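I pulled up a new structure today and kept notes as I went. Here is what I looked up, entry by entry.

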Amino acid sequence: MASRVFAVLIGIDDYKSGRIWNLEACAHDAQRMKQWLMQDLQVPKENIALLLNQEATKRRIEDTFMSHLVNNPAIANGDALIVYFAGHGSTLRAPPDWCEGKLGSVQVLCPYDHDTKGPEGRIAGISDRSLFAMLAELSLVKGDNITLILDCCFLKAQLGSSTRDRRFIRYTPTSKATPEDLFLGLWRGAVGRRFKGEFGFFQDDCQSHVLLAACRPGEKALEWKEGGKFTSELLTMKDALPLHQMKSSDLSEHLAKGLTHIQQHPVCVGQRKNRVFLNGVPFVADASLVPVNGEKDRLRLEMGAMHGVVEGTEFSVHEHNRFGSINPSLDSFRVYEVYPTWSLARRKSMSKPGGRGSWARITRWNSRTPFRVYVKKTCSSLLGRLFGRSKNSEAELDGIPVKEGLNIVQVETSAKADMSVGVHTRDVRVQNLDHLVPPTAHPLIRIEKDRSRSGVILSEAARFHMHLHRTNPAKPFHESLGMEIFRVDPHTQRRVGPNLLVDGTAAISHSEGARYAVVLHNHSDTDLWPYLAYMDSNGVDIQLLYHPQPLYPMPPLRKRSYLDIGCTGSGIPPLNFPFPDHQQQESAFLKLFVSTSYTSMGLLEQSSTVHSRPPTPVPPPTPVVESKDQPQNWDTALACVIMRRARAKS
């Protein structure tokens, strides 16, 4: 998915000044925050700037703030922006004319070089006034969906010099920098800007951002070797609370309940504090969850034979369909009756109490098509772990049980296999050997030697194989469906040259920037809803190139007609067939699914890399009442695409 979240994460344990007591877990906290963003919220790595220890100087923090957030062309207005700081906080006496209102102390964040000599005097931290001006500038160009998270504190009374007083508290006194140094280090945009400094960072009328702070002003923000108490509680709450509907203010109250025993009370301030956390941006719809409805013990699942559902397919029921927010299984069902785009299921266990949910996720496909894997001898022990063959293995990979009914069968030779697997010192290497793939197009896929990712790749490969080989045995439209592939001028969107698809295969000499169009033909007497998937046989990627909208008044692929996808006048941009830079040849399939009524095919999509591209926005299906005069039906068509990199002209 395309996560619209961008973050600057700062964690500082080791300080340049020998007068500042080093911390133990701030860098680790910043890394844990990054892991949460990437794994749970699916934030691409390039959307996150991580500054640790000596990287987090005052200048570097300010420069990164500008380059990664303010001047980042990838950020659109309204995207969720996070600035996270774990390290020491401090306070300095306010100089004259520093702010409006009551004159007191200035709260500052302590960068790596805090309280040391800089080119313009001593570094007096990043002051509340400076950061407010920076965030105000950011909100003007990128919107006010900004969350500032501070795991530090600003004590009113100075700490003693003993180890016991200092240890595990994210605060340091500032001994050398003077109030005048605050003006020397003031952010240029803050000069001449009004600032009410009485409450420091904790200004409840702030419009540019929401502050989520580790504690109240004057309290201590504590840490232990495992992490900051506040950050640890936040990362615990994300596994306990439905963040997709949680207000930022309510989140801080839950955090405070978890830390009351250590007299640390997280707070949330800002005019937007009663908005959903991160304005709900990261918690987008998960296409792998589809609607269910019906009675408590029997449900109608809005997936059917067209999606790969068969009798015996099992699914779990959930409360919502949002990424990144806790969504436990409430009950389990097994399909007993299958229709083209929907099916009926009953509870797996009538004796155990179950919950009521509105969304379903497949947990066991019960595939009838075997997926044959050849495992080199060095991999036999790994296979047992990944497939959960040990008696005590109940492990899940990415939330999906290893035993998910994908009919994975181990074979003795590679000649009989659909995939081979080999374990090497640093990676696991898999190779697609499917008989539909041309013999010259079997490159190795190298996967980092990580048990969870290695397990997922086999499950994804088995699903890829299942969807590639799935057909409707009745073949109601098989002879009536056709496809053509054309090159397209990327500027005019007009076709260039003849149809590239001949006898089911398109052999393409691919050049950089080439674009294509696909023309779908329907020679039947029935209007059809088409869904076109690009299946990369060099990996396990499935990408929907075309998915209709349910609000269309008529099926897009009309009877005795055709549908242009990517040509001029179609309203659809020209297609870009993925072609990795390091490969000289790419083989893939275009698989066309058609149905007589609309359904959602979003659950087809998958990727061998965590963040390769945004998925196709797919609305969920709406229940369709089958007409006796025109019963539902479905079918498929398949085309092979072989691309070879064109030689550059000398």
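Below are my notes, from the whole chain down to single residues.

**Entry 1: the whole chain**

I'm working with a predicted model, not an experimental one. I started by counting elements, and the chain has nine helices and 36 strands. Next I checked burial: of the 650 residues, 55% count as buried. Then I looked at contacts between residues at least 6 apart in sequence, and 75% of them join residues at least 24 apart.

**Entry 2: the cores**

Which residues touch the most other members of the largest nonpolar core? I found Phe65, Leu69, Leu109, Leu150 and Phe201, in a core of 52 residues. Helix α3 (residues 128-142) gives the most to this core, with six residues. A second core of 42 residues lies apart from it, and its members include Leu23, Met33, Leu251 and Leu255. A note to self from the textbook: nonpolar side chains tend to be buried together in soluble globular proteins.

I zoomed in on Phe65. Leaving aside neighbours within four places in sequence, its contacts are Val70, Val83, Met134, Leu135 and Leu138.

**Entry 3: helix α2**

Phe65 is one of the buried residues of α2, so I checked that helix against the 20% cut-off for buried. The others on the list are Lys58, Ile61, Glu62, Thr64, Met66, His68, Leu69 and Val70. What do they pack against? The partners are β1 (5-11), β2 (48-52), β3 (80-86), β8 (126-127) and α3.

I also tested the length. Helix α2 runs over residues 58-70, which makes 13 residues, and at 1.5 Å a residue they should span 18 Å. The C-alpha atoms at its ends are 17 Å apart, which agrees.

**Entry 4: helix α7**

I ran the length test again on α7 (residues 248-259). Its 12 residues should span 16 Å at 1.5 Å a residue, and the end C-alpha atoms are 17 Å apart, so that agrees too. Then I listed its buried residues: Ser248, Ser249, Leu251, Ser252, Leu255, Ala256 and Leu259. They cover an arc of only 155° around the axis, so they sit on the same side of α7. That made me recall the general rule: an α-helix has 3.6 residues a turn, so residues three or four places apart point the same way.

The buried residues of α7 pack against β10 (210-213), α6 (229-237) and β13 (267-269). Two of them, Leu251 and Leu255, turned up in Entry 2 as members of the 42-residue core.

**Entry 5: cysteines**

How many disulfides are there? The count comes to zero. I looked at Cys215 to see why: its sulfur is 5.1 Å from the closest cysteine sulfur, in Cys153, and a bond needs the two sulfurs within 2.5 Å, so this is too far. Cys215 is buried, at 2% relative accessible area. Cys567 counts as buried as well, at 3%.

**Entry 6: Phe371 and Asp418**

Phe371 is in strand β20 (residues 371-375). Buried or exposed? Phe371 is buried, with a relative accessible area of 3%. Its C-alpha is 9.8 Å from that of Leu458, though the two residues are 87 apart in sequence. Not counting residues up to four places away, Phe371 touches a list of residues including Leu406, Ile408, Leu458, Asp418 and His465.

Two of those names led me on. Asp418 lies in the loop between β23 (408-411) and β24 (419-423). Asp418 is buried, at 3% relative accessible area. A polar contact of 3.5 Å joins its side chain to that of His465. Among the other residues that Asp418 touches are Pro370, Arg372, Gln431 and Asp434.

**Entry 7: Asn522 and two positive phi angles**

Asn522 lies in strand β31 (residues 515-522). Its relative accessible area is 0%, so Asn522 is buried. Its contacts beyond four places in sequence include Ser480, Asp527, Leu557 and Arg560.

Arg560 caught my eye next. Its phi is near 55°, a positive value in a residue other than glycine. Arg560 sits in the loop between β33 (542-546) and β34 (561-565), and at 58% relative accessible area it is exposed.

Gln493 also has a positive phi, near 65°. Gln493 is in the loop between β27 (481-488) and β28 (495-496). With a relative accessible area of 23%, Gln493 is partly exposed.

Key. Residues numbered from 1 in each chain as written. Predicted model: local features only at pLDDT ≥ 70, side-chain atom pairs only at ≥ 80, totals over all residues. Heavy atoms only, no water. Helix = DSSP H or I, 4+ residues; strand = E, 2+ residues; numbered from the N terminus. Expected span 1.5 Å × (residues − 1). Buried < 20%, exposed > 50% of the residue type's maximum accessible area, 1.4 Å probe, protein only. Arc of directions from axis to C-beta. Contact = heavy atoms within 4.5 Å. Polar contact = N/O pair within 3.5 Å; in protein donor to acceptor, adjacent residues only side chain to side chain. Core = buried A, V, L, I, M, F, W, Y, C linked by side-chain atoms within 4.5 Å.
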